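Reader: Before we discuss the terms used for this model, please show me the sequence and the structure.
Author: Here they are, and after them we can set values against definitions.

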Amino acid sequence: MIDYVNPELILNKENIPTGRIAWRSPSNLALVKYWGKYGRQLPRNPSISFTLNNAFTETVLEYSPKEEDSQNIKLDFFFEKEENDAFRNKMLKFLESITDVYPFLTQLHLTVHSYNSFPHSTGIASSASAMSALAACLCSLEKELFGTLENSDDFYQKSSFIARLGSGSASRSVYPHLAIWGESDVANGSSNLFAIPWGERVHPVFKTFHDTILIADRKEKSVSSRAGHSLMEGNIFAQNRYDQANERFAKLLKALEEGDLKTFGEITENEALTLHALMMTSEPSYILIRPNTLVMIEKIRVYREATNQPLYFSLDAGPNIHLLFPDEIKDDVFDFIKQEMEPLCENGEWIADRVGEGSYQLS
Ligand code: PMV
């Protein structure tokens, strides 16, 4: 099993350089959801997602030799130009948790600047974009300091592995179009340890798919994903859910390959509702969707019946709707959004996104 643990990644104290690395990485939207984990951030079932384009994090990592000789990690953290203790503590905890993979982190003074493209607290999950951007910066750092990871496949695999340790879903953000994370017999090369690219295996219609995020409620979610995953351990539906996810995963892969939009939509919508049903049947139970989430879902279904157009929805772990549709119906759908959905969005806010290219380094 690849664990990337490497005690030899230690710098010569006399010769520690200074530098700056920057990456942009997008969020992603799971079509078959990862919900339930074990061990060191390993998934209970395989998942597959669209990589997004416009909802991204840019992270700049500056490094220099650390002055004091200690085992602590020295980290300064700025979110959108301001110091942010809550985010810093989260990042510090994550960096401390990977010193078996990257022991040299304790030898450096790190300064991280992070920016999100999407407005602050719109309920859009930022952990996938933030953790994948940070992971890519760390892999670039390894490459610069040790001359490793020259091969691009190796680089992306390791950055997906490291992103996964920070936030499971972040492992999928690094690859273009679609990515799979979690072992499955029907996906060659799939692994619980890192995501693999799947964009080349799908019908072209999915490479230009739209994902418009309708902000039903801007409030931070009341129960974190971390807590949600752990509640799956006591959920009486858990085993059935994992079996169901495997079945749906196989069916969805086939639909994606064939360009079968109807099956794609049926599975995707049901996955979103299943995720929220699992939250509602956890003990204690909780509900993250809001009244307007349901009003929007009804309207989307009415629109689909009336027009016969392949317009579908998904949900992340929150109240906001992800509207999924092929490029060829975009004009009609944007009219529908403006007329029927916008009035239901908090502050009329929605974000037009689409399938994108994954992480890339900024100069
Ligand atoms: O990556 P986490 O631990 O934040 O979990 C995210 C889980 C979902 O977003 C709800 C589903 C998924 O597969 O992305």
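Reader: What makes Glu269 count as buried or exposed?
Author: Glu269 has a relative accessible area of 4%, and buried means under 20% relative accessible area, exposed over 50% and partly exposed in between, with a 1.4 Å probe and protein chains only. Glu269 is therefore called buried.

Reader: On what kind of model do such statements rest, and how are its residues numbered?
Author: This is a predicted model, in which local features need pLDDT of at least 70 and side-chain atom pairs count only at pLDDT 80 or more, while totals for chains, interfaces and linings use all residues. Residues are numbered from 1 along each chain as its sequence is written, and side-chain values use heavy atoms, with hydrogens and water left out.

Reader: Why is the contact of Arg304 with Glu269 called a salt bridge?
Author: The term requires a side-chain nitrogen of Lys or Arg within 4 Å of a carboxyl oxygen of Asp or Glu; the closest N and O atoms of Arg304 and Glu269 are 2.7 Å apart, so the pair is a salt bridge. Arg304 lies in helix H7 and Glu269 in helix H6, so this pair ties together parts that are 35 residues apart in sequence. Helices here are DSSP runs of H or I with at least four residues, and strands are runs of E with at least two, numbered from the N terminus.

Reader: Which salt bridge does Arg301 form, and how far apart are the closest N and O atoms?
Author: Arg301 also pairs with Glu269, the closest N and O atoms being 3.3 Å apart. This pair links distant parts of the chain, since Arg301 is in helix H7 (residues 291-307) and Glu269 in helix H6, 32 residues apart. Arg301 is partly exposed, because its relative accessibility is 36%.

Reader: What makes Lys330 and Asp327 a salt bridge, and how accessible are the two residues?
Author: Their closest N and O atoms are 3.6 Å apart, and the two residues form a salt bridge. Lys330 counts as partly exposed at 29% relative accessibility, and Asp327 is partly exposed with a relative accessible area of 26%. Elsewhere, salt bridges that share partners join Asp217, Lys219 and Arg290 into one network. The structure holds 19 salt bridges.

Reader: Why is Lys93 called exposed?
Author: Lys93, found in helix H1 (residues 85-97), has 62% relative accessibility and therefore counts as exposed.

Reader: How do you know whether the size of the chain agrees with a compact globule?
Author: The radius of gyration is taken over C-alpha atoms, and the globule rule is 2.2 Å times the number of residues to the power 0.38. With 363 residues, a compact globule would have a radius near 21 Å, and the chain has 21 Å, so the two agree. Of these 363 residues, 55% count as buried, and the chain has 8 helices and 14 strands.

Reader: What is notable in the backbone at Tyr4, Glu80 and Pro284?
Author: Tyr4 has a positive phi of about 60° although it is not a glycine; Tyr4 is in the segment before strand S1 (19-32) and is buried, because its relative accessible area is 19%. Glu80, in the loop between strand S5 (74-79) and strand S6 (82-83), has a positive phi near 50°. A cis peptide bond, with omega about 0°, joins Glu283 and Pro284, and Pro284 is found in the loop between H6 and H7.
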